[in-house]
Amino acid sequence: MVMADRGFTITESVGFRQAKLVIPAFTRGKAQLDPVDVEETRGIANVRIHVERVIGLLRRKYTILEGTLPTDFLICNHENSDRRIPLVDHMIRVCAALVNFCPPIVPFD
């Protein structure tokens, strides 16, 4: 699943990766949302808060991710490999894995 704000028109791009786009409901000219849409949007907002908190923790803990990264980090190191993955992707994956070893900031209740 990919979470995005209203107005992102990336449904097709996300679908190519066999993922689902999750965005809050639109009022689409109506005075208010349907009760089902309200509950769904509330659920999305609750999850989003936790996702943003974890991303904030990740950026605070690993200061290399705080600022602008050099474009050199977009270069793929494994030229002979079938999967050409930029260095920045490897960096973020390692930082995220290390954050997963930390005590959780999201309550499990």
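Author: A helix here is a DSSP run of H or I that covers at least four residues, and helices are numbered from the N terminus. With that in hand, T41 can be placed: this residue is in helix α2. One more thing before we go on: the model is predicted.

Reader: Okay, so is T41 buried or exposed?

Author: The trick is to look at relative accessible area, where anything under 20% is called buried. T41 has 16%, so T41 is buried. Leaving out residues up to four places away in sequence, T41 touches R6, P24, A25 and L33.

Reader: What about D37, and which residues does D37 touch?

Author: D37 is found in helix α2 as well. Its relative accessible area is 18%, so D37 is buried too. With residues up to four places away in sequence set aside, D37 touches A25 and K30. So A25 turns up in the contacts of D37 and again in those of T41.

Reader: Let's try pockets. What volume does the largest pocket have?

Author: The largest pocket comes to about 230 Å³. There are 14 residues lining the largest pocket, and the closest to its centre are L21, V22, I23, E40 and I44. If you'd rather think in elements, β2 (21–22) and α2 (35–61) are the ones that give two or more residues to the lining. The largest share, 4 residues, comes from α2.

Reader: How many of the lining residues are nonpolar, polar or charged?

Author: For the largest pocket, the lining splits into 10 nonpolar and 4 charged residues, with no polar ones.

Reader: I44 was on your list of residues by the pocket centre. Where does I44 sit?

Author: I44 belongs to helix α2. With a relative accessible area of 10%, I44 is buried. Ignoring neighbours within four places in sequence, I44 is in contact with M3, V22, I23 and P24. Notice that V22 and I23 are also among the residues closest to the pocket centre. For a sense of distance across the model, the C-alpha atoms of I44 and A97 are 24 Å apart, with their positions 53 residues apart in sequence.

Reader: Which residues make up the largest nonpolar core?

Author: First, the general idea. In soluble globular proteins, nonpolar side chains tend to be buried together. Now the case here: the largest nonpolar core has 6 residues, namely L57, L58, Y62, L65, C95 and V99. The elements that give two or more residues to this core are α2 and α3. You can follow the links from L58, which touches L65, C95, A96 and V99, once residues up to four places away in sequence are left out.

Reader: And V88, which residues does V88 touch?

Author: V88 is in helix α3. At 12% relative accessibility, V88 counts as buried. Not counting residues up to four places away in sequence, V88 touches L69, F73 and L74. The core residue L65 is 23 residues from V88 along the chain, and their C-alpha atoms are separated by 9.5 Å.

Reader: I see some cysteines. How many disulfides are there?

Author: Here's the idea. A disulfide is a covalent bond between the sulfur atoms of two cysteines. The cut-off used is a pair of cysteine sulfur atoms within 2.5 Å, and by that rule the count is 0. Take C76: the closest cysteine sulfur, in C95, is 18 Å from the sulfur of C76, so that is too far for a bond. C102 is in no disulfide either, since its nearest cysteine sulfur, again that of C95, is 11 Å away.

Reader: How accessible are C76 and C102?

Author: C76 has 13% relative accessibility, so C76 counts as buried. C102 has 23%, so C102 counts as partly exposed.

Reader: Which backbone angle should I look at in Q18?

Author: Look at phi: in Q18 it is positive, about 55 degrees, although Q18 is not a glycine. Q18 sits in the loop between α1 (11–16) and β2. Its relative accessible area is 71%, so Q18 is exposed.

Reader: Last one: where does F108 lie?

Author: F108 is in the segment after α3 (87–100). Exposed means over 50%, and F108 has a relative accessible area of 72%, so F108 is exposed. Compare its position with I92, 16 residues away along the chain: the C-alpha atoms of F108 and I92 are separated by 25 Å.

Note on methods. Residues are numbered from 1 along each chain as its sequence is written. This is a predicted model: local features need pLDDT of at least 70, side-chain atom pairs count only at pLDDT 80 or more; totals for chains, interfaces and linings use all residues. Side-chain values use heavy atoms; hydrogens and water are left out. Buried means under 20% relative accessible area, exposed over 50%, partly exposed in between (1.4 Å probe, protein chains only). On a 1 Å grid over the protein atoms alone, a cavity is a set of points where a 1.4 Å probe fits but cannot get out, and a pocket is an open set with protein on both sides within 12 Å along at least five of seven lines; lining residues have an atom within 4 Å of a point. Grid points are joined across faces, edges and corners, and a volume is the space filled by probe spheres set on the points. Ala, Val, Leu, Ile, Met, Phe, Trp, Tyr, Cys and Pro count as nonpolar, Asp, Glu, Lys and Arg as charged, and the others, Gly among them, as polar. A nonpolar core is a set of buried Ala, Val, Leu, Ile, Met, Phe, Trp, Tyr and Cys residues joined through side-chain atoms within 4.5 Å. Contact means heavy atoms within 4.5 Å.
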